[in-house]
Every structure is written in structure tokens, then in C-alpha cells.
Amino acid sequence: AKGSLGSWSFFLVIRKPAPHPAVSKVHPLVMMMLSTSSTTTVAACRHLASSASRSVTTVPMIIDGKKVQSKATTFFDVHNPATGELIARTPQSTPEELRAASDSCAEAYKSWRTTPPSTRARVMHKLEGAIRDSTEAIAKVLTEEQGKTIADAKGDIFRGLEVVEISCNVPAMIQGETLPGVAKGVDVHSYRLPLGVCAGICPFNFPAMIPLWMFPPAVTAGNTFLMKPSERVPLSAMMLAELANDCGLPPGVLNMVHGGHDTVNFLCDDDPIRAVSFVGGNVAGAHIFQRAGKNGKRAQCNLGAKNHAVILPDADPQSAINQIVGASCGAAGQRCMAISVAVFVGKAKELIPQIAEAASKLKVGPGSAEGVDVGPLISKQAQDRVTSLIQSGVDEGAELLLDGRNPSVPAGCENGYFVGPTIFSNVKPGMQIYDIEIFGPVLACVCV
């Protein structure tokens, strides 16, 4: 599944129906977001930012099928990356709330595991339709909290929707096997049974796709699921969880909690939780894999990458230029399958100036604005990190063909976390921009 993350900008939007009724049930901040036009004008961008800063909503949890406001005293700020404005607060769920959410999942498992697989799959059929009907609404919220373009947001949702579609066929996948007569009077029967309570720890860069990678297959197979979305982008996941519950998941089958390290450690340590799935950075992934494994849990951790593309001398020039620019700068480079190193063989190096020229034509701006190709990075810290790595490339002797620092952006977005497409040539192994996963729209070109 991870290898399917290639070109997310290309997909087919078949229809534009009315949002699923469950969308109207999300908290006021989300409804405020849904009321803005899909083509964000400067005035609308400023209005959204100022309105959010005046009245900041705390993101609720979902426990036992109900939205629950946390009694937390610690919160994580959710910013609109295009403006830098505060739009919501994510609570650090308290130990008591984490305990209640896990216990709810464990209790729901007792009956959900014996629910016929066809009945469980029927919920996924309903969820598939609900997500299709609500794609426009979810995409707007996703863009506001994460920054990616509306086109990328819809692609984010669609890739997750494909997993929901596959989950509808889980009943066929969990059939056991029978082998009669393996020895005299001996038959062998195998059964595929659910594990119990499973947990998911999601990253910021794909707020819809990664949760939909996790809970639909798990719950359709008879497990219950405790999900922790990224504290930076919890709103899209909240919408998806509410849709799933409204489509027929019984209370406690899908719960949602929030937080940072304390919540992650709870999910790795809590005894009723039998398996943990994680997508994110290397440091966190190594910690989760070791801690969950030490506690006897199954741990599935998908971490970072430093992806190379090799361009051969006989490559079609225009196709190679388009593919490399899209793969390196799409989603602002914030995806684990981004191409951050291009290796040019022989005369293929003649394409490097054309790649820089094509990248320079990409429009940088708020993801909700029409015609934008590259949205902001997720945070000021991410912006500072990427610009620092760009400077390291200059300092270490690489040739900077296109500098994306301080790009031109629309009025009202001056405080956004933008870095434009950046192209280096003459990059060598050992340079930081070659060795480190940049997670920004930066391409290092190597000639061999």
C-alpha cells in the first residue's frame, strides 16, 4: 500500500453531491470552515484567520460513541499554515480519559467480535458512500488545518477511500482453511480471528488517508479501534470518525483521543491494546516499535524515507521534467514518498535547468486558493528547518538553481509557513541536503 503514494495530484472527481448529514454535526469551528468559498479570496482568508483567533474551539474526543470535551490542562495549538493564525486547540487527554476510551473499546469488543462479518462490512459500504458525499466538505477542513491544496486534499481523501472500498471485502479475506486427512483421523482447521483492541497513531501530512488506512480494515475484521490523530491536524479525522459512527459502528468500536508523548506511551503500554499502527518520523517510530514490542504488542511502523529517482539518457524529456517536478514539490514535499534526490545519468543532466525552470512556474500560496500548486509547510518550525537545510546546501558547495525561501504569497498570508520549490545541482553524498529527509519542496540533483 505504501508504494501507491506516487502521484497524488491526479485523480477523477466523479460527482459533487450534497455533504453527508453527519457533517452538520461537527463542532462550530468546522462549520465555520465549511462556510468559506472553495476559492479563497484574500478577504476570506483574512476573515477566517481573524474569526478563528477571536473564538478558538477545543477539539473534543470521541468516547463510547459520544463527543466528550476533555478536562485537560495542557493543549496543542492548531494553526492555519497559510496564515499562521490559531484556529483550534487539541487537548492532551487526561490519564482518566485515556483509560475510559480504552475500556470502552474493550467492552465494545465483546459483542463486536461476534457480529457477523457481513454486518460489519455493511457499515463500510455505508461509510464509503458517506465519504464520497462529504469529500468537498472534508477537503475544505483538511486544507485549512494542514495547508495542502484542495486538489491534494481530495487526493488524500480518495486514497483513504480506496482502503474503505477494500475493507468491504474483508469477510472474504478472513475466511479460514480446512485440510482434511493430513494424518489418519486428523483434520486441520485454521481460523482467522480478531485480535482485540487496536490503536492507531497518525501523522500530520495525510490527515484523512492515514486514519482510513487504519481503522476500516481493523474494525471490519472484528477489532475495536482507539485512534490518535496528529495533534496538529485533528479536525479531518474527527469528521471521518463521526461519519463512521453515524454509519452504524456501535458505541466504543471506534474511539478517538488526543495528545502527544503521554498519549503515545499510553497506547504502547496499555494492556488491553493488542496492536499499534503508526505512520510518521523515524525517531517516534523507533520509540513506538520498541516500546509496544516490549509490552507484547504487534507494532506496525511506517517511517521516513530518502527517495531517489534515476533519469536515464533515453528518458522522454517532457515526461521526466513533469514527473520530477511533481514528485519533488507536490504536497509541498511533505510525504514519505517524495522524490528528494534525482540522479541524472550521462546526458540526462541537460534536463536539470529545464526542471528548475518548470519548478519556478509553480504557484505558491494558500491551498484553498484557485491555481495554487504548492501550499505551506505544516508549522513555523518546519519552515525554519527546511530553510536551514537549504542554507546548508549553499554552505556545503551545492549550486542553488532555484531558491524557494521567502516566496511571494498573497496579501493576508505573510505569516504563513511557505517555502517555494527549490532546486540544487552538483549535490554530493555527505551534504545534509543529500543525507537528510528534508520534508519540503527541495530537490537535490546528482550527476553520474
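Trainee: Which residue takes a positive phi in the hairpin of β6 and β7?

Mentor: Gly185 does, with phi near 75°. The hairpin has 2 residues between its strands. This is a predicted model: local features need pLDDT of at least 70, side-chain atom pairs need 80 or more, and totals for chains, interfaces and linings use all residues. Residues are numbered from 1 along each chain as its sequence is written, and side-chain values use heavy atoms, without hydrogens or water.

Trainee: What makes β6 and β7 a pair?

Mentor: Strands (DSSP runs of E, at least two residues, numbered from the N terminus) pair if DSSP finds at least two bridges between them. β6 (residues 177-183) and β7 (residues 186-190) have 4, in the antiparallel sense. One bridge joins Leu179 to Val188 in β7.

Trainee: Why is β6 called hardly covered?

Mentor: Buried means under 20% relative accessible area (1.4 Å probe, protein chains only); exposed means over 50%, and partly exposed lies in between. Among the 7 residues of β6, the buried count is 0.

Trainee: Why does Thr422 count as buried?

Mentor: Thr422 has 0% relative accessibility, so it counts as buried. Thr422 sits in strand β16 (residues 422-425).

Trainee: How do you know that the side chain of Thr422 has a polar partner in Gly404?

Mentor: A polar contact needs N or O atoms within 3.5 Å; within protein, one must be able to donate a hydrogen and the other to accept it, and residues adjacent in sequence count only if both atoms are side-chain atoms. A polar side-chain atom of Thr422 lies 2.9 Å from the backbone nitrogen of Gly404. That distance fits the cut-off.
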